[in-house]
Amino acid sequence: MEHDFRKVMKKIVLIGASGFVGSALLKEALGRGYKVCAVVRNENHITIRHPRLTVASVDVMDTHRLAVVLSGNDAVISAYNPGWDNPDIYEDTLVGYDSIIYAVQTCGVPRLLVVGGAGSLEVSPGIRLMDTKNIPEKLLPGIKSLAKVYTDYLVPNHEIDWVFFAPAQQLEPGVATHRFRLGKDELIRDNEGVSHISLGDYAVAMMDELEHPRHHYERFTIGY
């Protein structure tokens, strides 16, 4: 018999809740009845008010402070991104995730779901999307650092039940259709060869994974 995880898992932390992906995840989580602690750099960036929402202004690189905030929750969803315009995005992504992962481990939260990137997905055997010429040069530092978080920080980690959820190549504003496909390590394309997914459907699939875990210690992806 399949359990309804919402009955036993009600308190989550969402890191990066004010961002492009994080804001969609926040809306979906609250809509499903979760108590959410939104971790952001600037609490003024969270404009919504909700009785099940608390906001914590925390620098993710402050590992001790972050661990205190995470403690006692059932899961952490991380949409952390130091900013695409940040000239230090490569290093800040690595340092930030090193802190996040360590904080999750030390405070005993059992589940970590990471908003991944499509860059590390394979477009053909042994060829990753970020190895092709289909990625703007200015985005490569952030894409490569997130791929390194997956390969070097998460894959060797067996202390946390983690998952790295990579979107399609084009993650577009839009509502949930609830009609999408999930995969593992290969970029998903539609019948016209386009790899895309709406923000709404990505948020739905992430919360579905939280409620009914089907992936553990691995990456998975989504597309139409």
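1. A helix named here, such as α4, is a DSSP run of H or I with at least four residues, and helices are numbered from the N terminus. With that in hand, welcome to this predicted model; the points below walk through two of its pockets.

2. Let's begin with the largest pocket. About 970 Å³ of space lies within the largest pocket, and 45 residues form its lining. If you would like somewhere to point your viewer, try Val21, Asn81, Trp84, Val115 and Leu146, the lining residues nearest the centre of this pocket.

3. Which elements give two or more residues to the lining of the largest pocket? They are α1 (20-31), β2 (35-40), α3 (89-107) and α4 (140-154). Of these, α4 provides the largest share, with five residues.

4. The chemistry of that lining is worth a look too. In the largest pocket, 27 lining residues are nonpolar and 17 are polar, while one is charged.

5. Now for the second largest pocket, which holds about 190 Å³ of space. Its lining includes Ala24, Lys27 and Glu28, along with Pro173, Gly174, Val175 and Ala176. Leu199, Gly200, Ala203 and Val204 complete the set.

6. Two elements, α1 and α5 (199-211), each give two or more residues to the lining of the second largest pocket. The largest share there is four residues, and it comes from α5. You will have met α1 already, as it also appears among the elements lining the largest pocket.

7. Finally, sorted by class, the lining of the second largest pocket comprises seven nonpolar residues, two polar ones and two charged ones.

Conventions. Residues numbered from 1 in each chain as written. Predicted model: local features only at pLDDT ≥ 70, side-chain atom pairs only at ≥ 80, totals over all residues. Heavy atoms only, no water. 1 Å grid on protein atoms, 1.4 Å probe; cavity = no way out; pocket = protein on both sides within 12 Å on 5 of 7 lines; lining within 4 Å. Points joined across faces, edges and corners; volume = space filled by probe spheres on them. Nonpolar A, V, L, I, M, F, W, Y, C, P; charged D, E, K, R; others polar.
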